[in-house]
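I have a new structure open and a notebook next to it. Here is what I looked up, in the order I got to it.

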Amino acid sequence: MTALNDTYFQFEADFVASLRCIPMQVRYKLDTCGVKLKLHHWNQFSTEERQQLVDMPCDTEAAIAHYHDHLQTLVTQHAGAPAGELPIDPAPPWA
């Protein structure tokens, strides 16, 4: 995989400007915090909310908990119920 910049991969070039799809770096964060975010959830978020999820750290225990709680709050606000939960791999292949 070739990075487009520090945030996105080259294969994401077609949709990063609009953030119409969930970027890989957010997908990594979802795996890290154990939230099963669906594309229809993502599409309910504003552009600002999507960008915030891209920019928010999710790399320490406290940041992971904050990301999880913030994301679930957003999903609940937009969808009426939280997203599903996933088991967290303690040693993901990309770590």
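**Helix H3.** I started with helix H3, residues 47-55, and asked which of its residues are buried. I found Glu49, Arg50, Leu53 and Val54. They span an arc of only 145° around the axis, so they sit on the same side of H3. Then I checked the face turned away from that buried side, and there I noted the exposed residues Glu48 and Asp55. What lies over the buried residues of H3? The cover includes helix H1 (24-33), helix H2 (39-44) and helix H4 (61-79).

**How far to trust it.** I should write down early that this is a predicted model. The pLDDT averages 85 over the chain, and 79% of the residues score at least 70. I also looked at the single elements: strand S1 (residues 35-36) has the highest mean pLDDT, 98, and H1 has the lowest, 92. Residues 1-5 are another matter, with pLDDT below 50. That stretch still has 12 contacts in the model beyond near neighbours in sequence.

**The chain as a whole.** I counted the secondary structure next and got 4 helices and 2 strands. Reading from the N terminus, I wrote the order down as α-β-α-α-α-β. The chain has 95 residues, and 37% of them count as buried. How much surface does the chain expose? I have about 5700 Å², with carbon and sulfur atoms supplying 55% of it. For contacts with a separation of 6 or more, I see that 49% are between residues 24 or more positions apart.

**Helix H1.** Back to the helices. In H1 I listed Met24, Gln25, Val26, Lys29, Leu30 and Cys33 as the buried residues. They pack against S1, H2, H3 and H4. Just after H1 comes Gly34, and I noted that its phi is positive, near 80°.

**The nonpolar core.** Nonpolar side chains tend to be buried together in soluble globular proteins, so I went looking for a core. The largest one holds 18 residues, and the members that touch the most others are Leu37, Trp42, Phe45, Leu53, Tyr67 and Leu71. H1, H3 and H4 each put in at least two residues. Which element gives the most to this core? H4 does, with 4 residues.

I picked Trp42 for a closer look. Not counting residues up to four places away in sequence, Trp42 touches Leu19, Arg20, Cys21, Ile22, Pro23, Val26, Leu37, Arg50 and Leu53. Two of those names were already in my notes on H3: Arg50 and Leu53 are among its buried residues. Val26 was in my list too, as one of the buried residues of H1.

**Cysteines.** I checked for disulfides and found 0 in the structure. Why is Cys58 not bonded to Cys33? The two sulfurs are 5.0 Å apart, which is too far for a bond, although Cys33 has the closest cysteine sulfur to that of Cys58. I also asked whether Cys58 is buried or exposed. Cys58 is buried, because its relative accessible area is 11%. Cys21, one of the contacts of Trp42, is partly exposed, since its relative accessible area is 21%.

**Two histidines in H4.** I looked up His68 first and placed it in helix H4. His68 counts as buried because its relative accessibility is 17%, and the cut-off for that is under 20%. Leaving out residues up to four places away in sequence, I have Cys33, Val35 and Glu85 as what His68 touches. Between His68 and Glu85 there are 9.8 Å from C-alpha to C-alpha, and they are 17 residues apart in sequence.

His78 is in H4 as well. At a relative accessible area of 32%, His78 is partly exposed. What does His78 contact, leaving aside neighbours within four places in sequence? I wrote down Gln44, Phe45 and Glu49. Phe45 is one of the well-connected core members from my list above, and Glu49 is one of the buried residues of H3. My last entry is a pair: His78 and His41 are 37 residues apart in sequence, and their C-alpha atoms are 7.7 Å apart in space.

Methods:
Residues numbered from 1 in each chain as written. Heavy atoms only, no water. Buried < 20%, exposed > 50% of the residue type's maximum accessible area, 1.4 Å probe, protein only. Arc of directions from axis to C-beta. Contact = heavy atoms within 4.5 Å. pLDDT = per-residue confidence, 0-100. Disulfide = S-S within 2.5 Å. Core = buried A, V, L, I, M, F, W, Y, C linked by side-chain atoms within 4.5 Å. Areas by Shrake-Rupley, 256 points an atom, 1.4 Å probe, with all protein chains shown as cover.
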